[in-house]
Amino acid sequence: MNAWLTAAPILIPMLTAALCMVAWKHPVVQRGLSLLGSIALVAAGGALLSIVLNQGIQVVQMGAWAAPFGITLVADPLSALMVLIAAVMGFCVALHALGDIDPVREKGGHHAVFQILMTGVCGAFVTGDLFNLYVWFEVMLISSFVLLSLGGLREQIDAAIKYVAINMVATACLLLAVALLYGVTGTLNMADLSIRVPEVPNQPVISAIAVLFIIAFGMKAALFPFFFWLPATYHTPSVAVQAIFAGLLTKVGVYALMRVFTLIFTGDSGWTHGILMVMAGITMIVGVLGSLAARDLNRAWSWQVVAHIGSMVMGLAIATPLALAAAAFYMVHDIIVKTNLFLGAGLVRRLAGGSTDYARLGGLFKTAPWLCLLLFVPLGSLAGFPPLSGFWGKLLLVRAGLETEHYVMVGLLLVTGLLTIWLVGRVWAEMVWKAPAEPPAMAISTLSFGRTYLLILPLLLLSLITVSIGLQPERLLNLAGQVGHSLTDTSAYVQAVLGTTPSPQPTLLGALETEAMP
Amino acid sequence: MEVIMALAVGGMVAGAVYLILSRQYLRVMFGVILLSNAVNVAILTVGRLTTGNPPLIAQGTEVMDHAAANPLPQALVLTAIVIGFSLLAFALVLGYRAYQEMGTLDTSAMRVAEPEEKP
C-alpha cells in the first residue's frame, strides 16, 4: 500500500493524462477528468506526506530490482512536501483553467498536456535515480514546450523559440553531467552515489562534474547568468499556464539543486557552494532590478520569479540545517505566492481589456474591490509584510545567514526585500490608486456567474493558504526543520534506499578487462 | 581508443558551439543536434569501450565468466536518442511555424514577445 502511495504522484497524473487523451474529442469530459485527477493527486500527496512524517522515508524499488541496479522511487520529507504543494498548485490551476482556457486551446489538448506536466514535476520530486531524474525533466520540458506554444499567437511562438533553444542546450549539459558522474562512479542511484563519490580518487573531476550540474540545473532554475529566457517567455502563454510555470517549473530546478548538492556533492563545498552563493546573490539583485524596470505587470512578476529563486539558492548555499529549512519554507511560500500573483494578473488583464501594461491599468478598486482585497494578500506576502508567509521565510533566511556570518548575502537579501516593497508599492499605485486611462472594459461582468466563481476560487484558496501559513507558521516551520535535518544528515536516506547491507563495489569494466588480459 | 573518442567529442562540441552562436534558428538547431550526438558518444566512452563480447550469461551458469561490453550506457544512449529526437522534431516544427508567422528565422529580428522599448 505504501509502495503504491509512493508511486501515486507519478501514476495519478499519468493516468489522468491518458484518460484525457482517450476523451480527445470531448472537452467536457476532459475538464471533469482533469479536476478529478488533480483532487486525487492532492489526496495522495497529503497521505504520502503524513506517512513519511509518521513512518520515515518511503522507498519503492521499481520492478523489484535491488537498490543500486534498478530505478528507485524515494519519498523523504522534502520530496513529500514538494509533491503535496505541487499537487495543491495543480488543483488550483486546473480549477482556474476551467474558467479561463479558451475553446481553441482546450481542443488543442490543454488538459491532457497539463497533466503530463504534473507527471514530470512529481516524477522529478520522487525519483531516487539520477538518469530517471533526467527523464522526468524531459517529460516536464516537452509538455512545457507544448503548453507554451498552445494557442499559436505570434508572441507565443517567438517566446517558445527561445525557450526551446536554451532548454535543449540545458538538456545536453544535464545528460553529459549525469554520464560523466556514471563514468567515474559506476552507479546512477543517488543514495549509492552519495557513498561512491567521496571514494573517487580523483576529486577535482568530481568538482568539475558538480559545476556542470550547477550549469544544467541553473538553466532550469533561472539562476544568474542563465535567467534571461524566463522574462522573455513567461508572460506569453495563457494565464493558467503562466501560473503553473511560475509556480512550479523553476522550483523543480531548485529542488534538483537541493537534492544533488546535499546528497552527492558535499565534499568540495567551499568551491561548489561558493559558486552557488555568488550566483544566488547576483540573481536576487538582477531579478529585482529587472522587475523594477519592467512597465508591465506580467513581466514584472516574471522578473520577480527570478529574484526569489536567488533567495532559495542562498539557503542551499549556506547549507546549515537552519538555512536548508529556510530554503524549504521559502520554496513553499514562493510557489503559492507566485501562482497566486500570476492568476491575479490574469484577472487584472481581463478587467483592463487584454493588457497588463501599467499605462492601461488603474482604478481597480472601483471596478473590482473584492479582487483588490484578494490581491493584497500575495502582494503583501511577496514584499514580506508580517505576519504573511513571506515574512517568516525571510526571517529564517536572515537568521541562517547571520549565524554563519554571511553578512553580504544577508545585506543583498534585505536590499532585495526593500526593492520588492518598492515594486509592490508601485504596482499598487498603478493598479489601484491611479485613475484608469480609459473607461474599464468590464470584461469580467460579461462572464457567467459560474465562470467568475471558477476564476476567483483558486485565488481565494491560495490567499487563505498564505494567510494561514502566516498566522500559524509553527506547523510548516517544524516540517521545514525536519526537511533541513534530513538534508544535512543524509544517512537515513541512504539507509532507507540501500538497506542495511552496503551494496557491492561496482566492477568497472575497464578494470575487469585489464585483469583478464594475460 | 578513448583518446580518439574524447577528441571526437571535443571536435563535435566545438562545432556545436560555433553553430549555436549563430543568429539563424536553423543553424542553432543543427548545433543542438551535433551537441546531443557529442553527448551520446561521450556516454558510450565513459561507459568503458570494450570490444567483442555481448553481455550474455551462458546457459546453465549464473554469472558472466568473461569481460563483456557494458549494456547500461547503451540503454542510456538509446533513451537519450529517443528523447532528443522527439525534442528536435518539435523544435523543427516550431521553427517552421515561426517562419510562417514572422517571415524570418533570424533570432535577433524576433522581437514580438520582447518589443524594443522606447527610451
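**Exercise 1.** State how many helices and strands chain A has, and compare its radius of gyration with that of a compact globule.

*Solution.* Chain A holds 22 helices and 2 strands, where helices (H or I, at least four residues) and strands (E, at least two) are DSSP runs numbered from the N terminus. The model is a predicted one, in which local features need pLDDT of at least 70 and side-chain atom pairs count only at pLDDT 80 or more, while totals for chains, interfaces and linings use all residues. Residues are numbered from 1 along each chain as its sequence is written, and chains are lettered from A and ligands numbered from 1 in the order in which they are written. The radius of gyration is taken over C-alpha atoms, and the globule rule is 2.2 Å times the number of residues to the power 0.38. For 518 residues a compact globule would have a value near 24 Å, and the 23 Å of chain A agrees with this.

**Exercise 2.** Work out whether helix α11(A) is largely enclosed or not, and whether its span agrees with its number of residues.

*Solution.* The expected span is 1.5 Å times one less than the number of residues. For the 25 residues of α11(A), residues 239-263, this rule gives 36 Å, and the end C-alpha atoms are 36 Å apart, which agrees. There is nevertheless a kink of about 35° centred on F245(A), the bend being the angle between axes fitted to the seven residues ending at a residue and the seven starting there. A residue is buried if 20 or more other C-beta atoms, placed from the backbone, lie within 10 Å of its own, exposed if 12 or fewer, and partly exposed in between. Because 24 of the 25 residues of α11(A) are buried, this helix is largely enclosed by the rest of the structure.

**Exercise 3.** Locate the cis peptide bonds at P225(A) and P387(A).

*Solution.* The bond joining F224(A) and P225(A) is cis, with omega about 0°, and P225(A) lies in the loop between α9 (203-221) and α10 of chain A. The bond from P386(A) to P387(A) is also cis, with omega near 5°, and P387(A) belongs to the loop between α16 (369-383) and α17 (389-403) of chain A.

**Exercise 4.** Decide whether A64(A) is buried or exposed, and describe its phi.

*Solution.* A64(A) sits in the loop between β1 (58-61) and β2 (72-75) of chain A. Its phi is near 60°, a positive value in a residue other than glycine. Since A64(A) has 7 C-beta neighbours inside 10 Å, it counts as exposed.
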